[in-house]
Every structure is written in structure tokens, then in C-alpha cells.
Protein chains: 2
Amino acid sequence: MDKGLFSTIDETIHAKARLGIMTLLVTQGELDFTQLKQKLGLSDGNLSAHSRILEEAGYIAIHKTFLGRRPKTVLVGTPEGREAFLAYLNQLESILKVAKTQSD
Amino acid sequence: MDKGLFSTIDETIHAKARLGIMTLLVTQGELDFTQLKQKLGLSDGNLSAHSRILEEAGYIAIHKTFLGRRPKTVLVGTPEGREAFLAYLNQLESILKVAKTQSD
């Protein structure tokens, strides 16, 4: 079993809440803050903190806009974020392959 | 997408180092501390801390024995640990299915 199989897991994506955010944004395109909060069952604070980490990594972009006079925050995955996420999924697949074949 | 898909991920297993420990113990049976350290590229402190979390969750057992006069620590997955790990793998598979089908 390759030593790097686990150590190279991208922690920026791996954390539960961030894995949820990236999965939704890569699979469903842009979503607003409220949609993401409801779909993931996260608190405002939690979603803000995790989104900031993804934004600082360059994996998502956060756009502050207005709907009429109401502020609206929209999150969207970046091309780098999509690429990192697909690479992360491949890593998960290799782990699953190793774990499933040898634990049956 | 089911809200619980991410929130119900078992954090005890999900953390990178612990995912490595559980994968090795469930797929390869019991391993000693040094073997695990080498296979995962973890420090003594890191491996001890993560093993303790898994032991407290009842997912692994840690046996302190002696090889001649040299202390030897052996770690082994428990039946509960194996069951939790297989359930965790199924969750990963569902996430992968959702993420892969909709991001192609």
C-alpha cells in the first residue's frame, strides 16, 4: 500500500463540510449562501468559515451581489477547484479500491 | 441530494491519519506500532494521538506486549471498528456516485 495514499489527501477538500460545499458547487454550479446552508444543514458561521478556507485556496469564488435591495452572496467553483475536486475523487476511489478488495 | 450525505460522515474515521490506520488494520489485520508508523509516514506523537481516539471509540484495541525484553505495541481492529469502517466506505461510495455522475 503506497504510503502517500492517505498523506496526500487534500485536507482543504477532505473536511466534511468543505467536501459537501465542493460536491454541491462542482455538481450543481453556482449556489447562493442560503441554498448551501439548507442543503448541507450548516450554520451561518460554519458555512462562512469553511467557504473562506476554500476561497483562500482558490477553489471557489464568493460574489456579494444584491437582489433588489437585499444582499445576496453567491458561491461558485473555480476551474482550479473543479480540478482539485476531481483529483480528490480519484484519490477516494483508490482508497475505496484498496479498502474494499482487501476487506471482503 | 440528501442533506445527511455529508453531515453523517463518521469523523472518527474520516480524519486522514485515522482513515489510514483503519484501512490498514481492517485490510491487513493486526499491525504493530512501528509498522503502522512506517506504512503511513506518521510521527510517534501523531500515531499515538489518533490511535487513542480510535481506541476510545471502540474501533481498535491496543495491546502492549513484550518481544523478549523489548516492549511491543500491537494494534488490531475490533468487530465494531470493522463494521463502522465498512459503513463509512459505503458513505464514501455514495458521495463518489453523486459527485462523479453529476460532474462528468
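The legends below describe close-up views of a predicted model with chains A and B. Local features need pLDDT of at least 70 and side-chain atom pairs count only at pLDDT 80 or more, while totals for chains, interfaces and linings use all residues; residues are numbered from 1 along each chain as its sequence is written.

**View 1. The contact between chain B and chain A draws on 35 residues from each chain.** Contact here means heavy atoms within 4.5 Å. About 3,000 Å² is buried between the chains, 67% of it on carbon and sulfur atoms; buried area is the accessible area (1.4 Å probe) that two parts lose on being put together, summed over both.

**View 2. A:Glu93 and B:Lys100 form a salt bridge.** Their closest N and O atoms are 3.4 Å apart. The interface has 4 salt bridges, each defined as a side-chain nitrogen of Lys or Arg within 4 Å of a carboxyl oxygen of Asp or Glu.

**View 3. Helix 6 of chain B supplies 15 residues, the largest share of the side of chain B that touches chain A.** Helices are DSSP runs (H or I, at least four residues), numbered from the N terminus.

**View 4. Helix 3 of chain B is mostly covered, with 12 of its 13 residues buried.** Buried means under 20% relative accessible area (1.4 Å probe, protein chains only). Among the buried residues are B:Arg18, B:Leu19 and B:Met22. The helix reaches 18 Å from its first C-alpha to its last, close to the 18 Å expected at 1.5 Å a residue; the expected span is 1.5 Å times one less than the number of residues. B:Gly29 follows helix 3 of chain B and has a positive phi, near 75°.

Notes: Chains lettered and ligands numbered in written order. Heavy atoms only, no water. Helix = DSSP H or I, 4+ residues; strand = E, 2+ residues; numbered from the N terminus. Buried < 20%, exposed > 50% of the residue type's maximum accessible area, 1.4 Å probe, protein only.
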